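Let's walk through a protein model together, one question at a time. Have a look at the sequence and the 3D view first.

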Amino acid sequence: MEKLWHISKDDNRVQKLAEKDKVMGQLIERIGDVERTLRPYPLKSLVRSIVGQQISVKAAETIFGRLKEKINDEWTIAAFKKLTEEDCKQIGLSRSKQKYIFNLVEHIDNGELEFEKLDRLSNEEIIKQLTAVKGIGKWTAEVFLIFTMQRENVVPIDDVGLQRAAKRLYNQPDARGKALLKECKATWGDQGTIGCLYLWEYIHQYQI
């Protein structure tokens with residue numbers, strides 16, 4: 001069963017964001033509450049991100065579904081160790097993605113990456129640990145922080161969709177997307193993640 005993250009527009013954190021950023025405050029009033037699907041299982045979350053790299057959402061969901069079926073929805077090191085090269089080929093995983101996934105499994109298996117200890121670390125420390133795994137970049141690590149760990153002060157500066165939405169929302173079509181998101185991050189502070197959730201909802205509702 002999916003776990004949902006419901007953010008009410010009346011939440012104190014949302015109201016703080018609206019006070020800091022009047023344009024975002026207007027968007028919050030237009031959109032109301034937001035709800036996003038969480039990814040509470042760390043290994044499953046990261047594997048999903050790797051599978052989805054550089055392919056369409058539809059193709060990614062198909063391949064991820066085959067993988068889920070192959071391992072009987074058991075997101076454990078033991079389940080992945082049973083996968084053969086032929087299994088991965090039938091699932092539709094490219095050679096590079098196979099390497100990335102098994103590299104991730106190896107990092108977990110040998111103790112280089114311990115999910116149960118991540119809660120004690122800062123965002124920067126978590127990003128450093130995750131990006132040490134080949135195939136996991138900064139954007140993937142930041143999405144992990146948001147949707148798996150529910151950290152509230154994360155703004156993925158390199159997210160092209162967020163850049164596009166920010167340029168539209170703040171009516172700055174000629175602005176550099178990264179620079180604009182950096183300004184947003186500085187303004188939003190501890191409500192950075194909430195700002196991103198509203199921008200993603202803006203993209204979804206207004207097809208930006």
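Q: How many salt bridges does the rule find across the interface of domain 1 and domain 2?
A: Keep in mind that this is a predicted model. For a salt bridge you'd want a side-chain nitrogen of Lys or Arg within 4 Å of a carboxyl oxygen of Asp or Glu. Across the interface of domain 1 and domain 2, the number of pairs that pass this rule is zero.

Q: How many residue pairs are in polar contact across that interface of domain 1 and domain 2?
A: Salt bridges are out, with zero found between the two domains. Polar contacts do turn up, and both pairs sit at pLDDT 80 or more. The number of residue pairs is two.

Q: Which helix gives the most to the side of domain 1 that touches domain 2?
A: Domain 1 covers 1-36 + 152-204, while domain 2 covers 40-147. Twelve residues of domain 1 are in contact with seven residues of domain 2. Three residues on the domain 1 side come from the top contributor, helix α12.

Q: What area do domain 1 and domain 2 bury between them?
A: The size of an interface is often given as the accessible area lost when the parts come together. Here, 70% of that area is on carbon and sulfur atoms. The total for domain 1 and domain 2 is about 840 Å².

Q: Why is there no disulfide between C184 and C196?
A: A disulfide needs two cysteine sulfur atoms within 2.5 Å. The closest cysteine sulfur to that of C184 is in C196, and the gap is too far for a bond because it is 8.5 Å.

Conventions: Residues numbered from 1 in each chain as written. Heavy atoms only, no water. Domains from an automatic or database assignment. Contact = heavy atoms within 4.5 Å. Buried area = accessible area lost by both parts, 1.4 Å probe. Polar contact = N/O pair within 3.5 Å; in protein donor to acceptor, adjacent residues only side chain to side chain. Helix = DSSP H or I, 4+ residues; strand = E, 2+ residues; numbered from the N terminus.
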